[in-house]
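Please open the model in a viewer and keep the sequence panel visible. The tour below proceeds by selection, with a short account of what is found at each stop.

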Amino acid sequence: MVPEHREKLTFPSPLAGEHALQPCWDRLLAGLDADALYVALETKMFVPLDGFVSVQQLAEHLSLLPAYTGYFLEVLWSMSLLERKHDASGTVSYRTRAELRPYLNADSPHYCGDALRYRHQ
C-alpha cells in the first residue's frame with residue numbers, strides 16, 4: 001500500500017557550492033604540487049619539455065620508468081604547467097606552457113627554478 005502523501009526529499013546540488021572539506025583537500029594537494037614542481041626542477045625536466053615529447057621519450061631521456069613518468073606528467077599538467085596533446089595513434093605528448101618556458105627551463109637566461117626550489121625548503 002502506497003501512502004497518499006509522500007514527502008519530497010531534496011538533496012543539495014553537487015555544484016551548489018564548495019564542500020566543507022575543500023580547504024583541507026587544497027592544502028594537502030598544494031604540498032603534493034610543491035613537491036612535484038621541486039622534483040621536476042631538480043631533474044631539469046622542463047629542458048626537454050620545451051617542445052612536445054612523449055612519455056616514453058621523456059622517460060628515456062631522464063632514465064625514468066615510463067609508467068611513473070606518465071603519472072608525474074599528469075600531475076604537472078593538472079597544475080597548468082604543461083600542455084598536452086594526443087596524436088592519431090593515441091600517443092600522449094607534453095610540453096611546457098609557452099609563458100612558463102623561459103622561467104622553468106634551466107637552459108634559459110630567465111630561469112627562476114633555483115629561486116622556486118629555495119622557497120620550497
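Begin with strand 1 and strand 3 (residues 92-96), which pair in the antiparallel sense over two bridges. Within this pairing, select V53, which stands opposite Y94 in strand 3. The coordinates under inspection are those of a predicted model.

**The whole sheet**

Extend the selection to every strand. The three strands form an open sheet in the order 1-3-2, with antiparallel pairing. Strand 1 (53-54) and strand 2 (82-86) stand at the edges; each has a single partner strand, so one side of each is left without a neighbour in the sheet. As general background, the strands of a sheet pair through backbone hydrogen bonds, in either a parallel or an antiparallel sense.

**The chain as a whole**

Now display the full chain in cartoon form. The protein chain contains five helices and three strands, and along the sequence these follow the pattern α-β-α-α-β-β-α-α. Buried residues make up 23% of its 121 residues. Of the contacts with a separation of 6 or more, 47% are accounted for by residues 24 or more positions apart. If a surface is switched on, the accessible area comes to about 9000 Å², and 58% of that belongs to carbon and sulfur atoms.

**Helix 3 against the sheet**

Next, select helix 3 (residues 66-78). This helix lies across strand 2 and strand 3, and runs at about 125 degrees to strand 2. Show the side chains of E74 and R84: they form a salt bridge in which the closest N and O atoms are 2.8 Å apart. E74 lies in helix 3 and R84 in strand 2, so the pair ties together parts that are ten residues apart in sequence. Both ends are partly exposed, E74 with a relative accessible area of 28% and R84 with 30%.

**A salt bridge between strands**

Remaining at the sheet, select R95 and E83. These two form a salt bridge, with the closest N and O atoms 2.7 Å apart. Since R95 lies in strand 3 and E83 in strand 2, the pair ties together parts that are twelve residues apart in sequence. R95 is partly exposed, with a relative accessible area of 25%; the value for E83, likewise partly exposed, is 25%.

**From helix 1 to helix 5**

Turn to E42 and R117, whose side chains meet in a salt bridge (2.9 Å, N to O). This pair links distant parts of the chain: E42 is in helix 1 and R117 in helix 5 (residues 113-120), 75 residues apart. E42 is partly exposed, with a relative accessible area of 43%. Add D114 to the selection, and a network of salt bridges linking E42, D114 and R117 comes into view. Which total does a search of the whole structure give for salt bridges? The search finds five, among them the pairs visited above.

**A nonpolar patch**

For the final stop, select L21, W25 and L28 and show their surface. Together they form a nonpolar patch with about 310 Å² of accessible area. Where along the chain is L21 placed? L21 sits in the segment before helix 1 (22-42). Is L21 buried, or is it partly exposed? At 40% relative accessibility, L21 counts as partly exposed, because this value falls between the 20% limit for buried residues and the 50% limit for exposed ones.

Notes: Residues are numbered from 1 along each chain as its sequence is written. This is a predicted model: local features need pLDDT of at least 70, side-chain atom pairs count only at pLDDT 80 or more; totals for chains, interfaces and linings use all residues. Side-chain values use heavy atoms; hydrogens and water are left out. Helices (H or I, at least four residues) and strands (E, at least two) are DSSP runs, numbered from the N terminus. Buried means under 20% relative accessible area, exposed over 50%, partly exposed in between (1.4 Å probe, protein chains only). Contact means heavy atoms within 4.5 Å. Accessible areas come from the Shrake-Rupley method with a 1.4 Å probe; for residues, only the protein chains shown count as cover. Two strands pair if DSSP finds at least two bridges between them. Axes are lines fitted to C-alpha atoms, for helices over the stretch in contact, and angles run from 0 to 180 degrees between N-to-C directions. Patches are made of residues with over 30% relative accessible area and no salt bridge: like charges are joined within 9 Å, nonpolar side chains (Val, Leu, Ile, Met, Phe, Trp, Tyr) within 5 Å. A salt bridge is a side-chain nitrogen of Lys or Arg within 4 Å of a carboxyl oxygen of Asp or Glu.
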